[in-house]
Amino acid sequence: MALDTMFEAMSKELVNEVLDRLRDEAIIKLDQDVLSPVISKHQLAKELCKSDKWVKDNIFENPKFSTDIQSMLDEGLIQMTAYGEKTRVIVNRKAIKKFLDEHSTELPWLEGV
């Protein structure tokens, strides 16, 4: 195996390992606050170490997940209240954890903050 191919394979493996750890740590944080059964979009962003915009764009308004998000809305697991240009989002903590368990590998963790 050529040296450059070996380094490329090692770097891809390292990136995947780091991404796996980031996803796991972010999802584990959702279980830590057992006092509140709901979490706001802002709190979710904080626990995922991402911006509110990242959470909005990549989870709540991502067309790829629109069916899942709509199902959660229909079941009352997500409540969205619009205030002018801002939308307040409250999510059932267990529901968003389940969603992230199922879809975390599809999210662009390296994009944005």
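**Sheet, hairpin and helix packing in the predicted chain**

Gln79 stands opposite Ile90 of strand 3. The model in which this pairing occurs is a predicted one. The pairing belongs to a register in which strand 2 and strand 3 (residues 86-92) are joined in the antiparallel sense by six bridges. Two further positions of strand 3 can be placed in this arrangement: Val91 is found opposite Ile78, and Thr87 is found opposite Ala82. Strand 2 and strand 3 together form a hairpin, with two residues lying between the strands. In the turn of this hairpin, Gly84 adopts a positive phi of about 65°.

The overall order of elements provides the setting for this hairpin. Five helices and three strands make up the chain, and from the N terminus onwards the elements follow the order α-β-α-α-α-β-β-α. The chain contains 113 residues, of which 32% count as buried. When contacts between residues at least 6 apart in sequence are considered, 59% of them join residues at least 24 apart.

The three strands assemble into an open sheet with the order 1-3-2 and antiparallel pairing. Edge positions are taken by strand 1 (38-40) and strand 2 (78-83), each of which has a single partner strand, so that one side of each is left without a neighbour in the sheet. On average, and with direction ignored, neighbouring strands of the sheet are turned by 20° against each other. In general, the strands of a sheet pair through backbone hydrogen bonds, in either a parallel or an antiparallel manner. Strand 1 runs antiparallel to strand 3 and is joined to it by three bridges. Within this pairing, Asn92 of strand 3 is the bridge partner of Val38.

Helix 2 (residues 41-48) lies across strand 1 and strand 3, and its direction makes an angle of about 85° with strand 1. Helix 2 also packs against helix 3 (residues 52-60), at an angle of about 100° and with the two axes 8 Å apart. Helix 2 is therefore roughly perpendicular to helix 3. On the side of helix 2, the contact involves Lys41, His42, Leu44, Ala45 and Leu48. These residues meet Asp52, Trp54, Val55, Lys56, Ile59 and Phe60 of helix 3. By residue class, the contact of helix 2 with helix 3 comprises seven nonpolar, one polar and three charged residues.

A second helix pair is formed by helix 4 (residues 66-74) and helix 5 (residues 93-103), whose axes come within 12 Å and cross at roughly 165°. With angles over 145 degrees counted as roughly antiparallel, helix 4 and helix 5 are therefore roughly antiparallel to each other. The crossing of helix 4 past helix 5 is right-handed. Helix 4 contributes Asp68, Ile69 and Met72 to the contact, while helix 5 contributes Ala95, Phe99 and His103. Four nonpolar residues, one polar residue and one charged residue make up the contact of helix 4 with helix 5.

Two individual residues were examined in addition, beginning with Arg93 of helix 5. The relative accessibility of Arg93 is 7%, and the residue therefore counts as buried. Arg93 and Ile78 are 15 residues apart along the chain, and their C-alpha atoms are separated by 9.6 Å. Ile78 is also the residue that stands opposite Val91 of strand 3.

Leu110 is located in the segment after helix 5. With a relative accessibility of 62%, Leu110 counts as exposed. When its neighbours within four places in sequence are left aside, Leu110 is in contact with Val15, Leu19 and Lys50. For one of these residues, Leu19, the separation from Leu110 amounts to 91 residues in sequence and 7.9 Å in space, taken from C-alpha to C-alpha.

Notes
Residues are numbered from 1 along each chain as its sequence is written. This is a predicted model: local features need pLDDT of at least 70, side-chain atom pairs count only at pLDDT 80 or more; totals for chains, interfaces and linings use all residues. Side-chain values use heavy atoms; hydrogens and water are left out. Axes are lines fitted to C-alpha atoms, for helices over the stretch in contact, and angles run from 0 to 180 degrees between N-to-C directions. Helices (H or I, at least four residues) and strands (E, at least two) are DSSP runs, numbered from the N terminus. Angles under 35 degrees count as roughly parallel, over 145 as roughly antiparallel, 65 to 115 as roughly perpendicular and the rest as oblique. A crossing is left-handed if the near helix is turned anticlockwise from the far one by less than a right angle, and right-handed if clockwise. Contact means heavy atoms within 4.5 Å. Ala, Val, Leu, Ile, Met, Phe, Trp, Tyr, Cys and Pro count as nonpolar, Asp, Glu, Lys and Arg as charged, and the others, Gly among them, as polar. Two strands pair if DSSP finds at least two bridges between them. Buried means under 20% relative accessible area, exposed over 50%, partly exposed in between (1.4 Å probe, protein chains only).
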